[in-house]
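Please walk me through this structure in the viewer, one selection at a time. Tell me what to select next and what is there.

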Amino acid sequence: MIIGVPKEVKNHEYRVGLTPANVKRLKDCGHTILVQEGAGEQVGFSNSDYEAAGAQIVPTAAKVFQSELVIKVKEPQDSEFALMHEGQTLFCYLHLAPDPVQTRQLIERKVIAIAYETITDSHGRLPLLVPMSEIAGRIAIQVGAVALQLNNGGKGVLLGGVPGVAPAHVVVLGGGVVGTEAARMAMGLGAQVTIIDRDLNRLRQLDALFGPRLVTLYSTPTAIAESLAKADLAIGAVLIPGKKAPRLVSKEMVANMSAGSVIVDVAIDQGGCFETAVPTTHANPTYVIDGVVHYCVTNMPGACAATSTRALTNATMEYTLELANKGIKTALLENAYLRQGVNLYQGNVTYQPVAQDLGYEYCPLEACLN
């Protein structure tokens with residue numbers, strides 16, 4: 001199979017879909033790998049590293065997108081849509097539910113779009129989302145701590161405080177992977193942390209994991225509003241796989257937060273869980289509404305691209321090998337968990353939450369494959 005790895009073009013996105021080690025594994029299986037010139041330079045992988053692993057370095061994205069299987073990190077950008085062709089398979093993060101323009105473009109081009117974020121495993125987890133969620137949860141505390149500085153528009157509170165001065169109060173909405181890692185990072189820096197979730201079993205697990213250092217609250221609008229009113233830093237970490245994130249925090253709740261407080265909405269990839277959240281970039285990451293600093297960057301793990309690339313490709317490689325070695329259709333027929341990743345199949349919407357959120361007719365993937 002011919003496999004293409006383009007250079008990412010999203011704002012300040014330096015991750016790359018395959019490492020040289022990944023390329024070697026695919027090459028040893030007999031596949032041809034086209035890597036766009038400079039695709040891995042920012043994370044320490046030179047063109048010569050890829051060539052030594054067996055890749056062909058090509059000068060343009062147009063050449064890469066002639067491949068049967070394209071391995072990316074982030075969803076395609078406007079400049080990439082015209083490069084795609086019918087029957088091509090795109091394997092990357094997609095986040096289609098809050099993005100009708102991208103969805104329409106991919107439907108019109110009749111590509112097979114397999115989303116990292118909806119592939120499942122035998123335990124019902126999202127194995128290709130987990131590593132980036134771990135990183136995003138930890139980054140959320142780093143960027144939140146910096147945004148709290150007075151020179152960055154925050155209230156001038158040090159996250160961990162000092163002897164004689166109380167630490168900051170961090171409120172985390174969602175007790176999944178992002179929320180857990182955010183709480184771990186915030187407590188490690190000495191902050192007071194509250195996690196809010198509606199899953200009582202998960203709250204019990206978190207209580208057992210962290211003990212009395214962590215406050216756990218059952219999620220209600222009242223609990224959220226009261227907690228945010230006292231928060232210095234609020235983290236949005238709510239996920240419904242494949243669907244738009246629920247808007248748990250209203251404009252009124254944000255307006256009731258103290259001036260100089262900070263919101264980091266990690267759920268912004270799926271539309272955000274704060275009503276005041278709009279996507280931002282690493283080039284211009286924050287804005288202020290009602291005195292509250294908002295950080296809503298849609299590719300947060302890209303800030304730590306060297307770590308993120310390695311963590312992501314550790315998780316994606318076995319699926320990439322399966323798609324390449326078996327062929328797309330056979331791999332999908334044989335692997336029910338991989339089938340969960342197929343959001344679009346040659347013009348059909350095959351992932352029900354995307355169809356529901358964007359108003360498309362849902363077509364079960366099995367009907368497309370048979």
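How many helices and strands does the protein chain have? The chain has 15 helices and 15 strands. Keep in mind throughout that this is a predicted model.

**Whole chain**

Begin with the whole chain shown as a C-alpha trace. Along its principal axes the trace spans about 65 × 45 × 35 Å. The radius of gyration is 21 Å, which agrees with the value near 21 Å that a compact globule of 370 residues would have. Switch on the surface: the accessible area comes to about 15,000 Å², and carbon and sulfur atoms account for 51% of it. Of the 370 residues, 54% are buried. Among contacts between residues at least 6 apart in sequence, 63% join residues at least 24 apart.

**The seven-stranded sheet**

Next, select strands E7 to E13. They make up an open sheet of seven strands with mixed pairing, in the order E9-E8-E7-E10-E11-E13-E12. Colour residues 214-218 and 286-289 to mark the edges: these are strands E9 and E12, each of which pairs on one side only. On average, neighbouring strands of the sheet are turned by 20° against each other, direction ignored.

Now add helix H7, residues 177-188. Helix H7 packs on the sheet and touches E7 (169-173), E8 (192-197), E9 and E10 (233-236). The direction of H7 makes about 170° with that of E8. Then add helix H9, residues 221-229, which also packs on the sheet, with contacts to E7, E8, E9 and E10. For H9 the angle to the direction of E7 is about 150°.

Move to the E12 edge and select residues 292-295, strand E13. E12 and E13 pair in the antiparallel sense over four bridges. Show the side chains of Tyr-287 and His-294: Tyr-287 stands opposite His-294 in E13.

**Aromatic pairs**

How many aromatic pairs does the structure hold? There are three. Select Phe-45 and Tyr-50, which form an edge-to-face pair, 6.2 Å centre to centre with 75° between the planes. Phe-45 counts as buried because its relative accessibility is 10%, below the 20% cut-off. Tyr-50 is buried as well, with a relative accessible area of 0%.

Then select Phe-91 and Tyr-116. Their ring centres are 4.7 Å apart and their planes stand at 85°, so this pair is edge-to-face. Why does the pair tie together separate parts of the sequence? Phe-91 lies in strand E5 (residues 89-92) and Tyr-116 in the loop between strand E6 (112-115) and helix H6 (130-147), so the parts joined are 25 residues apart in sequence. Phe-91 is buried at 0% relative accessible area, and Tyr-116 counts as buried at 0% relative accessibility. Add Tyr-93 to the selection: Phe-91, Tyr-93 and Tyr-116 form one aromatic cluster.

**Around Tyr-50**

Finally, return to Tyr-50 and show its helix, H2, residues 47-53. Which residues does Tyr-50 touch, not counting those up to four places away in sequence? The contacts are Val-16, Leu-18, Thr-19, Pro-20, Val-23, Val-35, Gly-40, Phe-45, Ala-55 and Ile-57. Phe-45, the partner in the aromatic pair, is one of these contacts.

For a last distance, pick the C-alpha atoms of Tyr-50 and Ser-227. They are separated by 50 Å, and the two residues are 177 apart along the chain.

Notes: Residues are numbered from 1 along each chain as its sequence is written. This is a predicted model: local features need pLDDT of at least 70, side-chain atom pairs count only at pLDDT 80 or more; totals for chains, interfaces and linings use all residues. Side-chain values use heavy atoms; hydrogens and water are left out. Two strands pair if DSSP finds at least two bridges between them. Helices (H or I, at least four residues) and strands (E, at least two) are DSSP runs, numbered from the N terminus. Axes are lines fitted to C-alpha atoms, for helices over the stretch in contact, and angles run from 0 to 180 degrees between N-to-C directions. Contact means heavy atoms within 4.5 Å. The radius of gyration is taken over C-alpha atoms; the globule rule is 2.2 Å times the number of residues to the power 0.38. Buried means under 20% relative accessible area, exposed over 50%, partly exposed in between (1.4 Å probe, protein chains only). Accessible areas come from the Shrake-Rupley method with a 1.4 Å probe; for residues, only the protein chains shown count as cover. Rings of Phe, Tyr and Trp (its six-membered ring) pair if their centres lie within 6.5 Å; planes under 30 degrees apart count as stacked, over 60 as edge-to-face and the rest as tilted.
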